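Biologist: Could you take one buried spot in this model and look at it closely? Then work outwards from there, and keep it brisk.

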Amino acid sequence: MTDTPIQSPAAADKDRVLIFDTTLRDGEQSPGATMTHAEKLEIAQLLDEMGVDIIEAGFPIASEGDFAAVSEIAKNARRSVICGLARANYKDIDRCWEAIRHARAPRIHTFIGTSPLHRDITKLTQDEMVTRIHDTVTHARNLCDNVQWSPMDAIRTERDYLCRVVETAIKAGATTINIPDTVGYTLPTESGEIIAMLLERVPGADEVIFATHCHNDLGMATANSLAAVSAGARQIECTINGLGERAGNTALEEVVMALKVRRDLMPYRTGIDTTKIMGLSRRVAQVSGFPVQFNKAIVGKNAFLHESGIHQDGVLKNVETFEIMRPADIGLTETNIAMGKHSGRAALRAKLHDLGFELAENQLNDVFVRFKALADRKKEIYDEDLVALMADQAANTSTDFLQVKWLRVICGTEGQAAEIRMMVDGVEQSAETSGDGPVDAAFKAVRAIYPHEARLQLYQVHAVTEGTDAQATVSVRMEEDGRIVTGSASDTDTILASVKAYVGALNRLRVRREKTAPDADVKGVSYLSAS
Ligand code: KIV
Ligand code: ZN
């Protein structure tokens, strides 16, 4: 792993593939995945510690919140290059530079949609767009030595025109050229061919690093990214858990592990400490509110589980029979020894460490209190319980604007009613309502205290472990004026978990409302904006 950021193409050796993580930008753009300021800083720190070469920390002009997060991440980063996104106009680029300039190694990433569909939207002719690219990349390069340029929807851009715009960006000073498959349309053969064609045809192509940025609409993002690398790309853009709009982006854990496991076919190195993958995956799932599907490659709950007798027998005799990598390679501990109410603080710390959670003393104290409360209600606490507890702790904090203080629910053949006490911006309020079932009654009580127009789109309950004393993890998704937020919470009391998840989503909705983003329509008609 390198200690210094790789900034210039010359510094990167031929078999080194740079990992560019965009969880905090493209990932966070996913509807409902809004993260708080503190969560973004924490994820950035974890990415930095994991050895990500470039962190795309956000889109500074999109909102004051984005700007603040990118600037603070830039100031805190120890090793990674910190990158901010900007459209092809001076105002965006200046704002981006302002946010990242204090980073040890800053990068401006500017883009414009170059395919016929995007040229129609921006109403620029091919020539006008070339001028715009030249001017904006030159402007960015005058501010920062490290400039990345992307022709959005590159895959659907006419090949000759793609060569022309890439050449323009290189001549204007771009140091990295990213080739996005914005709508996840390409296939591995084509993904590789385009990179090979650009390297062959564009003058100066050997002076820059080519990047691949794939979306997963056809489930090809990982394959397309690897094909691009085989053809000469040396930067992969990806997100943790493949988080991202629609079907998501290339999953960092998949490309990194594929390069590690198949070094025989793909002799390229990354700087990633793979043992940190599982911890980051869990944390991103928690803060984004997007759970990882059970059968997700590398980080899914079932990725290393062997249910069938033949598999179990084979694995016991020789682990390589059915496992191509070791759980420990991604930081997954193999033991699942139950903890209980007699387990002490040191045991809890050690267990959480094994699960990928590093806690400061005060955080450990808070978790320990919650752990003891859970252990009083549940005899054995398994790894899944602790992961759920940590998720709950992260999602529902004591600094939230809305907090549940007390809840009583009556249910059964006599009817259903709920009584609730909540803090609303530090002021205690209470309500009592009846409803069609205990969850409905409880949600109505929350609404009586905090009236809102948000629509509940999804309500999902999942048992964390087996047994009637198992914790329930409840996830909700809500929508208001096109803003989508999620909330999740865990408790042995399903109704309480439901209310906490609901209130958590309302807290996130407030953060989302505050994110005034008049200019933030990256992929819509306003993506050129004023220059
Ligand atoms: O998918 C895409 O085209 C993007 C660009 C902004 C690089 O995310
Ligand atoms: Zn993208």
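**A close look, starting at one alanine**

Modeller: Start with Ala-57, which contacts Leu-24, Val-70, Ile-73, Ile-82 and Cys-83, once neighbours within four places in sequence are set aside. One caution before going on: this is a predicted model. Ala-57 sits in strand 2, residues 54-58. Its relative accessibility is 2%, under the 20% cut-off, so Ala-57 counts as buried. For a sense of distance, take Gly-271. It is 214 residues from Ala-57 in sequence, and the two C-alpha atoms are 19 Å apart.

Now a second buried residue, this time in a loop. Thr-157 lies between strand 5 and helix 7, which runs 159-172. It too is at 2% relative accessibility, so it counts as buried. Its side chain reaches back to the backbone oxygen of Asp-153, at 2.9 Å. Beyond four places in sequence, Thr-157 touches Thr-114, Ser-115, Pro-116, Met-152 and Leu-162.

Next, the ligand. Twelve residues surround ligand 1, and those that come nearest are Arg-25, Asp-26, Thr-182, His-213 and His-215. Three polar side-chain approaches can be listed, each to an oxygen atom of the ligand. Arg-25 places a polar side-chain atom 2.9 Å from a ligand oxygen. For His-215 the distance is 3.0 Å. For His-213 it is 3.1 Å. How much of ligand 1 does the protein cover? On its own, ligand 1 has 260 Å² of accessible area, and the protein covers 100% of that. Four elements each give two or more residues to the shell: helix 1 (23-27), strand 4 (106-113), strand 5 (147-152) and strand 6 (176-181). Strand 5 thus comes up twice, since it also leads into the loop that holds Thr-157. By class, the shell has six polar, three charged and three nonpolar residues.

Two charged residues away from the ligand list deserve a stop. Take Glu-245, in the loop between strand 8 (235-238) and helix 10 (252-261). Is Glu-245 buried or exposed? It is buried: its relative accessible area is 19%, and the cut-off is under 20%. Its side chain makes a polar contact with the side chain of Gln-29, at 3.2 Å. Glu-380 is 135 residues from Glu-245 along the chain, with 38 Å between their C-alpha atoms.

Then Arg-508, in helix 17, residues 494-514. It is buried as well, because its relative accessibility is 9%. The Arg-508 side chain reaches the backbone oxygen of Val-287 at 3.1 Å. Val-287 is also one of the residues that Arg-508 touches. The others are Thr-34, Met-35, Glu-39, Val-485 and Thr-486, with residues up to four places away in sequence left out. Glu-480 is 28 residues from Arg-508 along the chain, and their C-alpha atoms are separated by 12 Å.

For contrast, turn to two aspartates in loops. Asp-425 lies between strand 10 (417-424) and strand 11 (427-434). Asp-481 lies between strand 13 (472-480) and strand 14 (483-491). Asp-425 has a positive phi of about 50°, yet it is not a glycine. Asp-481 also has a positive phi of about 50° without being a glycine. Their accessibility sets them apart from the residues above. Asp-425 is exposed, at 53% relative accessible area. Asp-481 is at 72% and counts as exposed too.

Last, the whole chain. It has 17 helices and 14 strands. Its radius of gyration is 24 Å, close to the 24 Å that the globule rule gives for 531 residues, so the chain is as compact as a globular protein of that length. Along its principal axes, the C-alpha trace spans about 75 × 60 × 40 Å. Buried residues make up 55% of the 531; Ala-57, with its 2%, is one of the buried ones. The chain exposes about 22,700 Å², and carbon and sulfur atoms supply 51% of that area. Of the contacts between residues at least 6 apart in sequence, 68% join residues at least 24 apart.

Key: Residues are numbered from 1 along each chain as its sequence is written. Chains are lettered from A and ligands numbered from 1 in the order in which they are written. This is a predicted model: local features need pLDDT of at least 70, side-chain atom pairs count only at pLDDT 80 or more; totals for chains, interfaces and linings use all residues. Side-chain values use heavy atoms; hydrogens and water are left out. A residue is near a molecule or strand if one of its heavy atoms lies within 4 Å of it. A polar contact is a pair of N or O atoms within 3.5 Å; within protein, one must be able to donate a hydrogen and the other to accept it, and residues adjacent in sequence count only if both atoms are side-chain atoms. Accessible areas come from the Shrake-Rupley method with a 1.4 Å probe; for residues, only the protein chains shown count as cover. Ala, Val, Leu, Ile, Met, Phe, Trp, Tyr, Cys and Pro count as nonpolar, Asp, Glu, Lys and Arg as charged, and the others, Gly among them, as polar. The radius of gyration is taken over C-alpha atoms; the globule rule is 2.2 Å times the number of residues to the power 0.38. Buried means under 20% relative accessible area, exposed over 50%, partly exposed in between (1.4 Å probe, protein chains only). Contact means heavy atoms within 4.5 Å.
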